[in-house]
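Hello,

Here is the structure I promised to pass on to you. Please have a look at it first, and then read on for my notes.

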Amino acid sequence: MTDDSIRAARAAGRSSLDEHAGKRLLSQFGIAVPSSVMVAPDEPAASKIAGLRAPFVVKVMSPDILHKSDAGGVRVRLRDAAEVEATIRAMRENPAIARARLDGFLVEEMAPPGEELVVGGLRDPQFGPLVMVGLGGIFVEVMKDVAFRICPIERIDAIEMLSELKAAALLDGVRGRAPVSREALVDVLLRVGGTDGLLMRFQDEIAEADLNPVIVSPSGAVAVDARFILTQRGVPA
C-alpha cells in the first residue's frame with residue numbers, strides 16, 4: 001500500500017515527507033492536527049488564511065530545512081493576517097531560509113494549551129515497527145523519559161506505556177493544573193502503532209515517525225508537528 005503523499009515524495013526524490021504531507025497522512029488515520037493552509041513563497045497570505053482562526057503559527061517549508069526552529073523558521077501566537085504577512089517577509093530575509101529551496105509557508109491555527117508529549121516510532125531491523133511515547137518538546141532529548149513497544153500494540157499496552165513514564169504524574173495534573181486526557185493519548189498510540197495503525201500499514205515505507213509535540217489537553221490530543229523519514233526505495237529497512 002502506498003499513500004499519495006509518500007508516492008509524491010519519492011517521485012520528487014525526497015527521503016522524507018514535508019510537514020504538510022505528514023499531517024495529511026495523520027488525518028487519514030484519524031489523528032487530530034491543526035487546521036492549516038499552504039502559502040506559496042510569493043503569494044499574499046491574507047486571502048489564504050481567511051478561513052482560519054487566530055492566533056496563527058507560521059512554519060517555513062523547504063526540503064533543505066529539516067529542523068525549522070533551528071533555522072528561525074517557526075513563529076507562534078501571531079494575532080492577525082498582517083502579522084502573518086510580516087513574519088513571512090522577515091523569514092524570507094533570514095540567511096538560512098533565503099539560501100534554501102522554498103516550497104512555501106505553512107500557516108496553522110494554534111492548538112489549545114496542554115502537556116507536550118512525543119509519539120513516534122521506527123522500523124527496527126530485528127523487531128520491525130516499534131512505537132514510542134515520552135515527554136515531548138526538547139525534553140525528549142534531555143530527559144529521555146520514553147517507553148517503547150513492538151507493534152502492533154493493544155489498548156492495554158498503550159495504557160501501560162503511559163504509566164511507565166517518569167513524568168506520568170504530569171498527565172494527572174500537578175500544581176492546580178487540570179488532568180489531561182489519557183484516553184486521547186491511548187487513541188493516538190493505537191492509531192500510530194496498533195494493528196491497523198500507521199506504522200503497521202506503512203512498515204515498508206516509513207523508517208521513522210516523530211509527532212513532536214502532541215499537545216494533550218483535558219479534551220483531546222493534537223499533533224502540532226510531524227516528521228516522517230522514508231525507507232530506502234520503499235523496501236524494509
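Below is what turned up, taken topic by topic. Please keep in mind that this is a predicted model.

**The cavity**

Let me start inside the protein. How many cavities of 30 Å³ or more does a search of the whole structure find? The search gives one, and the space in this largest cavity comes to about 30 Å³. If you would like to find the spot in your viewer, select L117, L135, L165, A167, A168, L170 and L171, which line the largest cavity. Helix α7, covering residues 168-171, supplies the largest share of that lining, with three residues. As for the character of the lining, seven residues are nonpolar, while none is polar and none is charged.

**Two helices that pack together**

Next, please turn to helix α6 (residues 155-164) and helix α8 (residues 182-193). Their axes lie 9 Å apart, and the two helices pack at an angle of about 120°. An angle that is over 115 but not over 145 degrees counts as oblique, and α6 and α8 are therefore oblique to each other. The crossing of α6 and α8 is right-handed.

Which residues make this contact? On the α6 side they are R155, A158, I159, M161, L162 and S163. On the α8 side you will find R182, E183, L185, V186, L189 and L190. Sorted by class, the contact of α6 with α8 has eight nonpolar residues, three charged residues and one polar residue.

**Backbone details**

Finally, here are some places along the backbone to look at.

- The peptide bond that runs from A54 to P55 is cis, and its omega is near 0°. P55 sits in the loop that connects β2 (36-39) with β3 (56-61).
- C151 and P152 are also joined by a cis peptide bond, with omega about 0°. Here the proline, P152, is found in the loop between β8 (146-150) and α6, and α6 is one of the helices in the packed pair described above.
- R77 has a phi near 60°, which is a positive value in a residue other than glycine. You can find R77 in strand β4, which spans residues 74-78.

If you want a route through the model, you could begin at the cavity lined by L117 and its partners, including L135 and L165, go on to the contact between α6 and α8, and end at the cis bonds before P55 and P152.

I hope you enjoy exploring it!

Best wishes

Key: Residues numbered from 1 in each chain as written. Predicted model: local features only at pLDDT ≥ 70, side-chain atom pairs only at ≥ 80, totals over all residues. Heavy atoms only, no water. 1 Å grid on protein atoms, 1.4 Å probe; cavity = no way out; pocket = protein on both sides within 12 Å on 5 of 7 lines; lining within 4 Å. Points joined across faces, edges and corners; volume = space filled by probe spheres on them. Helix = DSSP H or I, 4+ residues; strand = E, 2+ residues; numbered from the N terminus. Nonpolar A, V, L, I, M, F, W, Y, C, P; charged D, E, K, R; others polar. Axes fitted to C-alpha atoms, helices over the stretch in contact; angles between N-to-C directions. Parallel < 35°, antiparallel > 145°, perpendicular 65-115°, else oblique. Left-handed = near helix turned anticlockwise from the far one by under 90°. Contact = heavy atoms within 4.5 Å.
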